[in-house]
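Me: I should like to study this protein model step by step. Please answer my questions with the reasoning set out.

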Amino acid sequence: MPEVQIMTGNAAAAQAAVLCDVQVVAAYPITPQSQLAEILSQYIEGGKLKAEYVRVEGEHSALTVCISASTVGARVFTATSANGLLYMHEQLHWAAGSRLPIVMCCVNRGVGAPWTIFNDQQDSVSQRDTGWIQIYCRNNQEILDTIIQAYRIAEAVYCPVMVAYDGFVLSHTMMPVEIPDAASVREFLPPYRPHTVVSPEDPRTLNAVLFPWRRANAQGVVCDGYMEMRHKLQAALERALDVIRETNDLYAARFGRDCGGLVWEYRMEDAEVVLTAMGSLASEATVAADLLREEGIRAGVAGIRVFRPFPADDVRRVFRKAAAVCCFEKAISYGYEGALCTEIKGALYGTGVSFPIHNYICGLGGRDVKASELAQAVRESLTDMAAGRVRTRAMWLNCVTE
Amino acid sequence: MPENLFKINVKEYILPGTRACQGCGLSLAYRHALKALRENTIVTLPASCLCVLHGLYPSTPVAVPCLNNSFAATAASAAGIAAGLQALNKTDLTVLAIAGDGGTFDMGIQALSGAAERETDFIYCCYDNEGYMNTGTQRSSATPLGAVTTTTPIATKQQHKKDFIKIMEAHEIPYIATCSPAYPIDLYDKFVKAKKIKGTRYIHINVPCPPGWGYPPRDTVRMGRLAVETAVFPLFEIEDGKFRFTSRSKTMAERGNKLPVINYLERQGRFRRMNIEQLRQFQAWVDKKWQEYLRRSQE
Ligand SMILES: Cc1ncc(C[n+]2csc(CCOP(=O)(O)OP(=O)(O)O)c2C)c(N)n1
Ligand code: SF4
């Protein structure tokens with residue numbers, strides 16, 4: 001029977017790892033992920049989770065352990081934040097290139113220098129092009145539900161999945177979380193089958209060097225070159241869009257909770273101005289939309305749950321009827337604008353829409369972002385739009401910019 | 001010792017067609033190491049000459065399952081394999097992590113130290129060709145004093161080789177050994193022994209490299225022998241802290257017939273710019289290390 005407990009986001013993630021019967025955990029502590037590494041140690045040492053815990057000496061090794069353990073056929077889990085994620089960068093590519101269904105939590109935190117332990121999403125967003133699926137969570141329940149879904153998705157398309165949730169805002173905040181019973185999760189998530197069996201009976205050299213062209217094996221069969229392999233990774237991520245949606249629907253049918261598929265909608269039926277964001281910031285935007293509606297402004301929220309693969313079709317469908325868009329982001333692609341804003345504009349290109357899209361960079365390094373401030377930003381955007389003032393660059397919310 | 005030869009596993013795990021250079025000391029060493037470890041072995045290796053030896057996808061001359069991993073990751077990769085196998089209850093496999101000196105002394109040292117400290121159950125083998133050969137003979141911290149490399153092209157390497165055995169000893173692991181492809185039976189025996197021991201085992205192989213060291217490919221075994229006979233690279237094992245010379249180094253210790261290092265250095269192009277002072281320092285460094293080992297062998 002499912003039970004409801006009050007817990008932090010990190011505890012919810014640990015619960016999910018237990019429910020998914022992960023077999024190998026490797027993690028290195030970093031605020032705000034540390035608690036998760038600690039809870040898992042307790043579970044494993046206490047016998048609640050039967051898994052090998054490799055207490056590595058750094059994040060590069062943490063992900064390497066996951067890569068190798070996953071290659072030999074174990075279901076693996078890791079988690080990190082900020083500089084830890086960046087320290088893994090080489091192995092992020094390695095994991096995706098090896099097509100391993102690793103699931104990792106990124107407990108979002110701002111990146112040094114200068115040091116900050118507080119939340120933004122620069123860490124995960126900056127790892128956009130590593131071949132990982134990225135799913136952002138709104139609350140602690142979604143952390144648990146998304147991790148369970150993530151294994152099913154990862155093992156269906158053989159791509160790693162990063163489950164991102166905001167540091168402190170979720171990781172250290174207590175919320176009620178319903179824990180599904182283990183048997184139903186097992187039914188939802190069949191055991192992991194590696195794509196290549198590593199065994200002395202069939203010795204292979206995995207991830208060997210290759211030259212630019214395709215090449216025949218000893219039997220004369222022409223095999224993929226680097227580029228074909230890369231295309232397969234791209235195709236798998238494209239296919240993942242459907243898999244993520246189906247997995248979400250299947251989960252909703254089984255467990256009664258819909259995490260929103262690729263892009264979730266809030267009061268979008270007749271929305272003229274659309275607020276969009278990822279993670280807990282998108283939750284905050286729903287409160288802002290309510291505030292705006294009280295004043296008669298028809299506001300709605302389109303929450304981007306999946307950042308990679310980018311759900312361009314869903315974005316086109318959801319934003320179709322908008323008259324204005326405000327995109328709020330806890331990350332920036334320095335020298336341009338928020339990466340999400342760029343993606344949304346890109347997805348809409350060629351659809352004939354011409355509404356203004358305003359970009360707001362906010363909450364970097366844990367700077368407060370209140371719903372009232374989001375609402376005020378929308379009001380100002382609407383004023384500018386009405387006056388025909390064109391904005392050429394992102395606005396920095398709650399920040400001294402002169 | 002012809003009777004010793006018969007005990008060597010006749011099965012070949014490296015078939016013709018490796019991509020290593022002619023006369024590569026690594027090929028020779030790897031061949032005997034795999035013979036000693038036999039079928040139930042999983043190899044993990046980083047970017048290096050060995051990665052190239054394994055061939056171009058989709059064919060490989062090596063008949064042992066092998067994972068490639070990134071340059072800094074070798075020992076962590078072994079830890080992952082070991083953990084994965086443990087989780088799946090597959091406990092009859094030997095995990096061999098094998099990397100060059102660059103992937104061990106330099107970039108891989110963190111992961112190796114971590115894995116050894118955690119008492120990971122695996123064999124770590126450093127094949128030491130004393131430079132970054134795969135990328136074109138650049139200096140590593142294993143390059144000896146006075147050697148020309150492509151990143152010490154004029155002034156030569158100004159420092160002695162890092163004493164990596166001491167670093168590994170500090171981890172108090174159950175087994176440490178040095179060996180050379182010029183003494184294949186000694187090498188074979190050490191891998192056979194290492195396979196039977198639990199925990200982290202470290203084997204260091206001196207690997208003569210014709211293009212990197214500047215000598216003709218036919219002289220690889222001779223270069224390996226000279227390294228041992230001059231005590232530039234002594235053969236020994238350290239079991240649970242107990243030091244023991246083996247093979248040629250053992251008879252040298254008994255008879256006191258160590259050759260001067262010049263016999264070894266003068267045959268290699270990489271030492272062509274070495275000056276007299278460096279030669280003196282090199283000899284003094286070798287003598288000091290040899291004395292240390294002699295003392296330990298008598299303890
Ligand atoms: C992170 C990273 N930096 C640099 C390289 C380039 N690289 C590949 S192999 C190599 C040197 C290998 O030297 P060593 O470990 O001594 O092995 P050898 O080539 O001599 O066999 C380097 C520097 C790399 N692959 N990865
Ligand atoms: S460069 Fe040296 S170590 Fe590398 S393959 Fe050639 S001979 Fe062997």
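**Questions on a predicted model**

Me: Is B:Glu229 buried or exposed in this predicted model?
Reply: The relative accessible area of B:Glu229 is 19%. Buried means under 20%. Because its value falls under that limit, B:Glu229 is classed as buried.

Me: In which helix does B:Glu229 lie, and which side chain does the side chain of B:Glu229 join in a polar contact?
Reply: B:Glu229 belongs to helix H10 of chain B, which covers residues 220–229. Among the residues that B:Glu229 touches, leaving aside those up to four places away in sequence, are B:Tyr183, B:Met252 and B:Arg248. A polar contact of 3.4 Å joins the side chain of B:Glu229 to that of B:Arg248.

Me: Is A:Thr31 buried, partly exposed or exposed?
Reply: A:Thr31 sits in the loop between strand E2 (24–26) and helix H2 (34–46) of chain A. Its relative accessible area is 31%. Buried requires under 20% and exposed requires over 50%, so A:Thr31 is partly exposed.

Me: How far apart in space are A:Thr31 and A:Thr80, C-alpha to C-alpha?
Reply: A:Thr31 touches A:Ser81, A:Arg109, A:Ile117 and A:Phe168, not counting residues up to four places away in sequence. A:Thr31 and A:Thr80 are 49 residues apart in sequence. In space, C-alpha to C-alpha, the distance between A:Thr31 and A:Thr80 is 8.4 Å.

Me: What area do chain A and chain B bury between them?
Reply: The size of an interface is often given as the accessible area lost when the parts come together. Here the contact takes 40 residues from chain A and 40 residues from chain B. Of the buried area, 64% is on carbon and sulfur atoms. The area that chain A and chain B bury between them is about 3,200 Å².

Me: Which three residues supply more of the area that chain A buries against chain B than any other three?
Reply: The three residues in question supply 19% of the area that chain A buries against chain B. They are A:Val72, A:Thr205 and A:Arg215.

Me: Which side chains meet in the salt bridge between chain A and chain B?
Reply: The count between the two chains is one salt bridge. Its N to O distance is 3.0 Å, and a salt bridge requires a distance within 4 Å. The side chains that meet are those of B:Arg118 and A:Glu57.

Me: Which element gives the most residues to the side of chain A that touches chain B?
Reply: By class, that side of chain A has 20 nonpolar, 13 polar and seven charged residues. The elements that give two or more residues include helix H3 (59–71), helix H5 (89–97) and strand E9 (205–206) of chain A. The most, seven residues, come from H3(A).

Me: Which are the edge strands of the open sheet of nine strands?
Reply: The order of the sheet begins with E9(A), followed by E2(B), and ends with E8(B). E9(A) and E2(B) run parallel and are joined by two bridges, with A:Leu206 opposite B:Leu67. Each edge strand pairs on one side only, and these strands are E9 of chain A and E8 (242–245) of chain B.

Me: Which residues of E8(B) point to one face and are buried?
Reply: E7(B) and E8(B) run antiparallel, joined by four bridges, and they form a hairpin with two residues between them. Side chains alternate along E8(B), where B:Lys242 and B:Arg244 point to the other face and are not buried. The buried residues are B:Phe243 and B:Phe245.

Notes:
Residues are numbered from 1 along each chain as its sequence is written. Chains are lettered from A and ligands numbered from 1 in the order in which they are written. This is a predicted model: local features need pLDDT of at least 70, side-chain atom pairs count only at pLDDT 80 or more; totals for chains, interfaces and linings use all residues. Side-chain values use heavy atoms; hydrogens and water are left out. Buried means under 20% relative accessible area, exposed over 50%, partly exposed in between (1.4 Å probe, protein chains only). Contact means heavy atoms within 4.5 Å. Buried area is the accessible area (1.4 Å probe) that two parts lose on being put together, summed over both. Ala, Val, Leu, Ile, Met, Phe, Trp, Tyr, Cys and Pro count as nonpolar, Asp, Glu, Lys and Arg as charged, and the others, Gly among them, as polar. Two strands pair if DSSP finds at least two bridges between them. A polar contact is a pair of N or O atoms within 3.5 Å; within protein, one must be able to donate a hydrogen and the other to accept it, and residues adjacent in sequence count only if both atoms are side-chain atoms.
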